[in-house]
Amino acid sequence: MARLLFFRSGCADSPADSPPEAPLFVARLRQTRTRIGRVDDCDVVLPDTEVSRSHCVIDQLDGSYFLLDRSSNGTFLNGERVQRSQLKDGDRLKVGPFLVVCDLKDGSSARPTEQAQPEQRDEELVAADVELAVEQAFLTVTRGPAEGHRIRLKGGRMTVGGAGSKWAIKDPTLVKDHVKIRLLHGRTLIEPGAGAAFVGGVRVRDVFPVYPGEEVRIGGTEFLVHWDALTEQPLADHFGDMVGNTPVMQRVFGILRRVAAHHAPVLLLGESGTGKELAARGVHDASPRSGRPFVAVNCGAIAQNLFESELFGHEKGAFTGAAERRDGAFQRADGGTLFLDEVGELPEDAQAKLLRVLESGEVRRVGGADTAFPDVRVVAATNRDLGVDAQKGRFRSDLYFRLAVLAVRLPALRERPDDIAVIARTVARRIHADMQIDDDAMEALQRHEWPGNARELRNVLTRAFVLTGPRVELGSLVFNPLDTPAPRVRLIGERPAAVFEQTERAILDSALAKHGQNRSAAAKELGIPRSSLLYKLKRYGLG
């Protein structure tokens, strides 16, 4: 298998020099694209300030390998700075302070001590549903007085040794802070401390990588690094603007908190109105990207011929009406989160274009020749069963697996009726600080099936506030205002029907304005068929 051999800083800088005997580490090239850079979602992470966040990529096309530079400092091939070039076996790259030797022949004859660079992080999420499977790094003593003792290895530097060390081992041959170990972007590194340490019989005199399964010897103790998969049920009482007291929601909130800390794509599943956009915004706000943009795109509301422009931008004059250059959603979300709502509604050709961008990371404006590489985390949402759609050919299976790296299902409101009261009170406070719901009205809310879920609950309470003011009584509740007669309300000087018509017209106006006059999106927001919306618009002279 083709691989890259990474050597220590300053070793064999000239192409004519012979590299040292042992590389710092060896990374196998992926079958499609290998990303090299400083951030922890790259395939090969080089933690050095001279390395760009996304420094370069190596693509495999028809059995050949091509280097593409993405950095400001440059990537050097055999001593010359290059932008794009085909690689040959034996080529030498300079990436920041690292020398990289290309071994593009079959690597099956590699020495046993040369291992692929592990891809785990501090913890790796394996699945996200009701339970969470998590892979975590551990140190376990395999020989010595403390045999069998283990400790979880977390990010940052940790000292190992005798009394006074962060991980104190009962071994009289060890001194305080005997050796230092740190987990950096999923790579276990060992550093010299106050005592001698050996990896594979070689004394550690500098920062040295330790791979899973390799034993480290300090004094009379040997320990190894390994990754174990654990199953847990993380719990939380809220997440972002989402609230709920039931056990199922506490598990969902806990999973969303853990998911937020990672960089992998997230797929939010659930019926319309279950709070998928709130969950997506919460994932962004709780993530390391919280200080960067959150850009939401409703895939179901984009005209098919404008899909590329909306997501990837366009150049001036690229098509009729393109009066100026425009950034797409990917460019606007650079460094942050791109939320693709209703991703299951994308037509097949749009699915193919989205898949290409997610696989390559390359974004090109419509009508443009330049390629950009925005740093974007994708969070997608759908009310469809994409797994079934993928099996039946209604949705691209390769795109589904790209999006569903971390899939989280949000339960419908009818599955957690005990949450209705706390959600209703929270929504009421957000509508108006003085809004109150009396007991009879609350009982009616709890009896309702809520086919539109939390969105329908919010709309019901909003209409009640508009009709009767801050005190919500049973008579104030209208569960489907566009298909039922007006409620009887006590207002002086004005007929109830007229009040209802004014309210209905205001609701229609508000929904259309919110969605840029997109009638399909407005009908979805209101929970009614598009045909019903068109009838109402005609009735009130709004369409």
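The legends below describe three close-up views of this predicted model.

**View 1. The packing of helix 8 against helix 9.** Helix 8, which spans residues 420-431, packs with helix 9, which spans residues 439-447, at an angle of about 120°, and their axes are 10 Å apart. The two helices are therefore oblique to each other, and helix 8 passes helix 9 in a right-handed crossing. On the side of helix 8 the residues that take part are Ile420, Ala421, Ala424 and Arg425, which meet Met442, Leu445 and Gln446 in helix 9. Sorted by class, this contact has five nonpolar residues, together with one polar and one charged residue.

**View 2. Arginine 3 in strand 1 and its polar contact with aspartate 103.** Arginine 3 has its place in strand 1, which covers residues 3-7. With a relative accessible area of 9%, under the 20% cut-off, arginine 3 is buried. The side chain of arginine 3 is joined to the side chain of aspartate 103 by a polar contact of 2.4 Å.

**View 3. Glutamate 50 and its surroundings in the loop between strand 4 and strand 5.** Glutamate 50 lies in the loop that runs between strand 4 (44-45) and strand 5 (56-61), and glutamate 50 is partly exposed, with a relative accessible area of 44%. When its neighbours within four places in sequence are left aside, glutamate 50 is in contact with His55, Asn73, Gly96 and Pro97. Glutamate 50 and phenylalanine 98, although 48 residues apart in sequence, have a C-alpha to C-alpha separation of 9.5 Å in space.

Definitions and conventions
Residues are numbered from 1 along each chain as its sequence is written. This is a predicted model: local features need pLDDT of at least 70, side-chain atom pairs count only at pLDDT 80 or more; totals for chains, interfaces and linings use all residues. Side-chain values use heavy atoms; hydrogens and water are left out. Axes are lines fitted to C-alpha atoms, for helices over the stretch in contact, and angles run from 0 to 180 degrees between N-to-C directions. Helices (H or I, at least four residues) and strands (E, at least two) are DSSP runs, numbered from the N terminus. Angles under 35 degrees count as roughly parallel, over 145 as roughly antiparallel, 65 to 115 as roughly perpendicular and the rest as oblique. A crossing is left-handed if the near helix is turned anticlockwise from the far one by less than a right angle, and right-handed if clockwise. Contact means heavy atoms within 4.5 Å. Ala, Val, Leu, Ile, Met, Phe, Trp, Tyr, Cys and Pro count as nonpolar, Asp, Glu, Lys and Arg as charged, and the others, Gly among them, as polar. Buried means under 20% relative accessible area, exposed over 50%, partly exposed in between (1.4 Å probe, protein chains only). A polar contact is a pair of N or O atoms within 3.5 Å; within protein, one must be able to donate a hydrogen and the other to accept it, and residues adjacent in sequence count only if both atoms are side-chain atoms.
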